[in-house]
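Colleague: Please take me through the interior of this model, with a close look at how its side chains pack. I'd be glad of the numbers along the way.

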Amino acid sequence: MLPTFTALSNTTMRRYVILVFVCTTLSVLFYLYSHYSETGILPILKDHAKRMIVAALLTNLLGLIISQADRFLDKFISWRTVFMLRFMVGFLTNAALAIGFIFFCKLYLFELDRDEVIKLGVLLTISIFIYQIFYGWFYSYRYYAITQVEQLRTERWQLELQFELLKNQISPHYLFNCLNTISSLLYKDSYTAEKFIRRMADTFRYVLANQKKKLVTLQQEVDFIKAYYFLLQVRFEHHLQLEINLPKNILDTPIPPLTLQLLVENAVKHNQITKDFPLLVYITAKDNTHIIVTNTKTATQKPVSSFKVGLENIRQRYRFFSEERILIRDEDKFSVQLPVLKLATKNTELI
C-alpha cells in the first residue's frame, strides 16, 4: 500500500504545484494588463507588490475552487461517454464561479469599476475556456493511457497463461508416445526395449531441462532431434530416414523447444512405415530465413490416439515470437515452413 500511497501523493503534489504556477502567472499577467490598459504604463513593482501578492493569492484560491469543482463533476459526467456535455457543463460552472468570485472581490476586497469588472470577467472566461479544453484533453488522454496499459497487461497475462498451458502439454505428450513405443517393443525384443528406455531417459532430460524455457537454440534442438531419431530407428530400423541440412549461421537462432521433435513425430504418426513404405524426413533451410521440415507420404496410418497437440501447438507458440505465419503444404509431400526467429524476439529473450 505504501508505494501506491506515495505515487498518489506525488501525483497530487505535482498537480498542485502546476496549479499554483499557472494561477500565479495568470494573476501577474492580468494585473499588468489591467494596470497598463488604464494608465498606459507598467506598474512599479515596489508600489504594487502588496496588491499583486493579494491578487495572486485570490487567483490561486479561485483556481483551487475550479479544480475541486471539476473533480466533483468528473464523478457524475464522464468525459469518455459525453465529452461535449461534460465540456459545456464544466465551462459554464467554472465561468459562473469565476464571475461570482469577481463580484465578491469587488464588494469586499477591491474597489473595481464597471470596466475593470468586465475586463477581468472576459479574461477569466477566456482562460477558463482554454483551461477546460486542456483539462478535457488531458483527462481523456490519461483515461486512454490507463485503459491501454491495463488492456496490454491483461493480454500479456492471458498470453503467459496460455503459453504455460502449451508448454505443459508437451512433456506428457512426449512421454505418452515414448511409452507407446516401449509397449510395442516389450513383446518383440526385451533387450532393445531396455536400451530404448535408457536412451529415452537421456532425451527426457532434455525435455525436463527445457520445459520452463520459452526458447532454446536451434543447435540444441538439432542435437536433441538426432537423439530422438535413434529412438525411432529402434522401432522402424532403416525404413525411416532423417536428413538434416542446416547452415551454421542459423544454428544460434532461437526456436521453441521440441518444435522439430513434434514435426518428426507428426510425420511418423500419420504415415505407415514398413519395408514397402519407407519414410524420409528432411530438415533444411530456405534463404537463412525459414526452416523447412518435409516428409514423404506413404500409406495412411490407422487412426491413432493423440493429445491433439503437434501442429496447432507449434503454430500457437510461434505466435508469441513472430508475426509471420507458419506455412503448411500438404501436396505430394508434407512440409512445414517455420520462420527463423531473431535473437531479440518480440515477447521474450532467449532464456
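**Inside the core**

Modeller: Happy to. Let me start from the outside: the protein chain has an accessible surface of about 21,900 Å², and carbon and sulfur atoms account for 63% of that. Please keep in mind that this is a predicted model. Of the chain's 351 residues, 40% count as buried. The secondary structure consists of 8 helices and 7 strands. When contacts between residues at least 6 apart in sequence are considered, 74% of them join residues at least 24 apart.

Now to the part you asked about. The largest nonpolar core has 49 residues, and those touching the most other members are Leu218, Leu240, Leu246, Leu260, Val281, Ile291 and Leu338. Helix H6 supplies the largest share of this core, with 11 residues. A separate core of 13 residues lies apart from it and includes Phe30, Cys105, Val117 and Ile128.

Ile291 is a good place to zoom in. Beyond its neighbours within four places in sequence, Ile291 contacts Leu218, Leu246, Ile250, Ile255, Ile283, Thr284, Ala285, Val336, Gln337, Leu338 and Val340. Three of these partners, Leu218, Leu246 and Leu338, are also on the list of core residues that touch the most other members.

Leu260, another residue on that list, sits in helix H7, where it is buried. Helix H7 (residues 259-269) is largely enclosed by the rest of the structure, because 11 of its 11 residues are buried. The buried set in H7 takes in nonpolar side chains such as Leu262, Leu263, Val264 and Val268, but also Gln261, Glu265, Asn266 and Lys269.

Two loops beside elements mentioned here deserve a check on the backbone. Most residues other than glycine have a negative phi. Glu237, in the loop between helix H6 (218-236) and strand S2 (240-245), instead has a positive phi of about 55°. With a relative accessibility of 49%, Glu237 is partly exposed. Asp287 lies in the loop between strand S4 (279-286) and strand S5 (290-295), and its phi is likewise positive, near 55°. Asp287 is exposed, at 62% relative accessible area.

Finally, the aromatic rings, of which there are 7 pairs. Phe101 and Phe104 make a tilted pair, with ring centres 6.5 Å apart and planes at 35°. They sit 3 residues apart in helix H3 (residues 83-108), so about one helical turn separates them. Residues three or four places apart in an α-helix point the same way, because there are 3.6 residues a turn. Even so, Phe101 is buried at 13% relative accessibility, whereas Phe104 is partly exposed at 42%.

Tyr131 and Tyr135 form a tilted pair too, at 5.7 Å centre to centre and 35° between the planes. Both belong to helix H4 (residues 114-186), 4 residues apart, or about one turn. Tyr131 is partly exposed at 29%, while Tyr135 counts as buried at 18%, the cut-off for buried being under 20%. Phe87, Phe91 and Phe129 join in one aromatic cluster.

Notes:
Residues are numbered from 1 along each chain as its sequence is written. This is a predicted model: local features need pLDDT of at least 70, side-chain atom pairs count only at pLDDT 80 or more; totals for chains, interfaces and linings use all residues. Side-chain values use heavy atoms; hydrogens and water are left out. Helices (H or I, at least four residues) and strands (E, at least two) are DSSP runs, numbered from the N terminus. Buried means under 20% relative accessible area, exposed over 50%, partly exposed in between (1.4 Å probe, protein chains only). Contact means heavy atoms within 4.5 Å. Accessible areas come from the Shrake-Rupley method with a 1.4 Å probe; for residues, only the protein chains shown count as cover. A nonpolar core is a set of buried Ala, Val, Leu, Ile, Met, Phe, Trp, Tyr and Cys residues joined through side-chain atoms within 4.5 Å. Rings of Phe, Tyr and Trp (its six-membered ring) pair if their centres lie within 6.5 Å; planes under 30 degrees apart count as stacked, over 60 as edge-to-face and the rest as tilted.
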